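Here are my notes on the model you asked about, written for someone opening it for the first time. Keep the viewer open while you read.

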Amino acid sequence: MVAEGQIRPTCSHPSPEAHGIHRVALPGTVFGNGITVKDRVAELESRLAAVEQRLRLLERASPNLPPAAAIDFPPVLGEGVLAKAATHTGKVLLIFGGAYLLRTITDFGFVPTGFGIFLGAAYALVWLFMAWTSSGHEKRRAEALFYGTASMLLALPLLVEAITRFGILSGRHGVIALTMYCAAALAVAVARDLRVLGWLITAGAIVTAFVVLNAAHTALPVGVFLVLLGLASLTAVYWRRWMGLQWLGALGALVGLTVLTLVSTSDQWSVRPLAVYLLAVGSLAAYLIGFAVHSHLRGRSVGVFETMQALAAVGIVFWVAGVASQAGELVVSHIGIVSLAFGVAAYALAFTPETRSVRGRNFFFYSTLGLGLVVAGSALLLSPGKAAAVWSLMALAMAWFSGRYGRVALSLQCTFLLLTAGVASGVLDIGLQALAGATRGSWPSLLPSHLIVAGATVACLFIPVAQHSERWGVLAGLPQLLVLALSVWGVGGLMVVYLAPVLAGAGGPEVSLGALAALRTAVLSGSSVTLALSSRHKRWPEARWLAYPVLVVVGIKLIVEDFPNGQPVTLFMALALVGSALILVARLLSRERADS
């Protein structure tokens with residue numbers, strides 16, 4: 001005991017807090033600032049409430065974020081991809097084990113061969129049905145793909161063996177069975193959106209079809225199947241918007257038709273070229289119907305596949321038509337009628353309100369396809385002169401439609417028709433001979449078709465066409481530029497042909513080479529001045545790009561023809577014409593630039 005007033009001795013032992021030992025505060029404990037335990041607990045509760053309120057605000061701002069309890073953490077190796085792949089592979093092996101069990105039962109004669117084949121087919125369909133049911137659950141889609149692949153690997157080899165080894169099915173019946181199975185398998189793939197299974201079924205069906213073709217020599221049914229498979233793959237792509245499968249199906253159909261065309265010329269195959277031609281025409285019609293549904297009913301734009309497939313299908317049709325025509329099974333006029341019918345149908349699709357009112361690729365696709373088919377059909381039905389006259393009238397119509405609907409594509413088609421008409425009628429060949437050809441021998445004669453083509457070419461210059469387009473840009477004036485060049489070429493050549501016999505004795509025994517050279521120089525010089533004058537009009541601004549090139553041609557012609565063959569009088573006329581043309585063209589084009 002220490003008495004009062006004495007000094008308490010200092011303890012040398014450390015406090016419990018120094019050893020990490022903390023005293024437990026009782027509810028009534030008061031801290032240094034007068035804060036009790038209850039006050040500290042209340043403060044912590046208020047802070048926790050504030051944190052919870054902020055979390056609620058964050059969840060409202062990001063509703064797509066999963067709650068913390070729903071976050072999937074990455075699985076461990078035993079529960080991941082390797083484990084699932086091993087499980088599915090094991091199931092597939094068990095499936096094939098069952099198939100080999102059925103094969104063993106059949107081979108040892110426990111059941112008849114036909115019944116064994118039936119059991120094998122039913123077994124394959126069971127697993128296709130399992131693929132259908134499993135794909136309805138999102139977590140079992142991989143399992144469904146394994147089931148579908150196993151079904152395909154069971155069914156297709158079994159079908160080939162039923163035809164080749166066991167002889168139970170004929171080639172025709174085998175193709176029918178292949179068609180039925182592929183229809184069911186593709187239906188499962190498309191309905192359940194199993195794209196990989198669709199690719200596998202299409203590739204496997206194509207290979208199986210060619211195996212059956214080689215083994216059973218069943219050519220025409222195999223060709224029909226491949227065409228149907230190509231159309232089915234196109235339907236699947238349009239429905240599910242898969243990418244690439246339509247190319248595989250179309251390749252199978254194209255190769256199938258090519259093989260049929262080749263074997264139709266062989267005596268070892270009982271395939272008639274006419275039957276292959278009808279199949280090719282049916283394939284073209286079916287694809288065009290599919291394209292029309294895609295573009296007009298569904299409002300989609302055609303793409304690269306539609307363009308390439310249309311060209312390939314048309315090419316196959318004309319190739320097979322040529323083979324059938326050489327075999328004496330098809331008349332050329334019938335080919336022309338079919339081509340003309342397809343061309344008119346394509347033009348009808350181009351000018352429907354759904355296509356005409358939209359500035360896109362659909363109009364260009366259908367109108368260009370229609371143009372090519374109509375030109376090919378009319379060329380097969382008519383003589384070259386009559387066909388050229390028809391194409392010239394079509395060019396006038398295209399020029400009018402171009403201005404009416406503001407379509408540069410139609411102006412380009414007008415130019416193409418005029419060019420084709422000039423080649424078919426011989427106007428361009430005559431123009432080349434008249435302006436730069438031989439000076440002796442027989443002189444070209446004029447025909448009514450020549451005048452029609454030349455007149456239509458000039459008339460197309462006076463019909464307002466579409467010359468401005470954001471899509472075409474500076475190329476929008478290219479069709480009109482080509483029409484101007486064709487006018488100079490064709491009309492200038494016809495003028496020389498008409499005047500040369502009168503002024504230079506062309507076509508007779510005594511031809512004045514100097515006079516003929518001066519006549520050609522006069523026509524070309526006048527053409528350059530006409531082009532310069534035309535460029536001042538708002539309808540022919542492209543003419544200025546041809547004025548100087550024509551003068552360059554005239555200059556070369558002076559050196560090559562006029563000086564070697566000319567006389568003083570003809571040279572005077574030629575030089576005066578060329579010099580005057582140079583001065584006029586330079587002044588007219590400079591005024592045009594000043595006015596602009």
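The points below go from the whole chain to single residues and pairs.

1. First, a caution and the overall picture. This is a predicted model. The chain has 21 helices and zero strands, and of its 596 residues 41% are buried. Among contacts with a separation of 6 or more, 71% are between residues 24 or more positions apart. About 32,800 Å² of the chain is exposed, with carbon and sulfur atoms supplying 67% of that area.

2. Have a look at Ser392 in helix H14, which covers residues 384–405. Ser392 is buried, because its relative accessible area is 0%. Leaving aside residues up to four places away in sequence, Ser392 touches Ala421, Ile452, Val453 and Ala456. Its C-alpha atom is separated by 9.3 Å from that of Leu419, a residue 27 positions away along the chain.

3. Next, the aromatic rings. The whole structure holds 14 aromatic pairs. One of them is Trp127 with Tyr147, a tilted pair at 5.4 Å centre to centre, with 40 degrees between the planes. Trp127 belongs to helix H3 (residues 113–134) and Tyr147 to helix H4 (residues 141–164), so this pair ties together parts that are 20 residues apart in sequence. Both residues, Trp127 and Tyr147, are buried.

4. How are the rings of Phe401 and Tyr405 arranged? Their planes meet at 10 degrees and their centres are 5.9 Å apart, so the pair is stacked. The two are separated by about one helical turn, because Phe401 and Tyr405 are four residues apart in helix H14. Phe401 counts as partly exposed at 27% relative accessibility, and Tyr405 counts as partly exposed at 25%. Tyr405 has another partner too: Arg404 lies over its face, 5.2 Å from the ring centre.

5. Two more aromatic items are worth finding. Trp247, Tyr287, Phe291, Phe305, Phe365 and Tyr366 form one aromatic cluster. Elsewhere, the charged end of Arg240 sits over the ring of Trp239, at 5.9 Å from its centre.

6. On to charges. The salt bridge count is four. One of these joins Arg272 and Glu329, with the closest N and O atoms 3.8 Å apart. It links distant parts of the chain, 57 residues apart: Arg272 is in the loop between helix H8 (245–263) and helix H9 (273–297), while Glu329 is in the loop between helix H10 (304–326) and helix H11 (332–350). Arg272 is exposed, with a relative accessible area of 52%, whereas Glu329 counts as partly exposed at 25%.

7. Which residues does Arg520 share a salt bridge network with? They are Lys557, Glu561 and Asp562. Lys557 bridges to Glu561, with the closest N and O atoms 3.1 Å apart, and to Asp562, where that distance is 2.7 Å. Glu561 and Lys557 both lie in helix H20, four residues apart, or about one turn of the helix. On accessibility, Lys557 is buried at 8%, Glu561 is buried at 10% and Asp562 is buried at 2%.

8. Last, stay with helix H20 and turn to the surface. Val552, Ile556, Ile559, Val560, Phe563 and Leu575 make a nonpolar surface patch of about 610 Å². Helix H20 (residues 544–565) gives the most to this patch, with five residues. Ile559 lies in helix H20 and counts as exposed because its relative accessibility is 61%.

Key:
Residues numbered from 1 in each chain as written. Predicted model: local features only at pLDDT ≥ 70, side-chain atom pairs only at ≥ 80, totals over all residues. Heavy atoms only, no water. Buried < 20%, exposed > 50% of the residue type's maximum accessible area, 1.4 Å probe, protein only. Contact = heavy atoms within 4.5 Å. Areas by Shrake-Rupley, 256 points an atom, 1.4 Å probe, with all protein chains shown as cover. Phe/Tyr/Trp six-rings, centres within 6.5 Å; stacked < 30°, edge-to-face > 60°. Lys NZ or Arg CZ within 6 Å of the ring centre and 35° of its normal. Patch = residues over 30% accessible without salt bridge, like charges linked within 9 Å, V, L, I, M, F, W, Y side chains within 5 Å. Salt bridge = Lys/Arg side-chain N within 4 Å of Asp/Glu carboxyl O.
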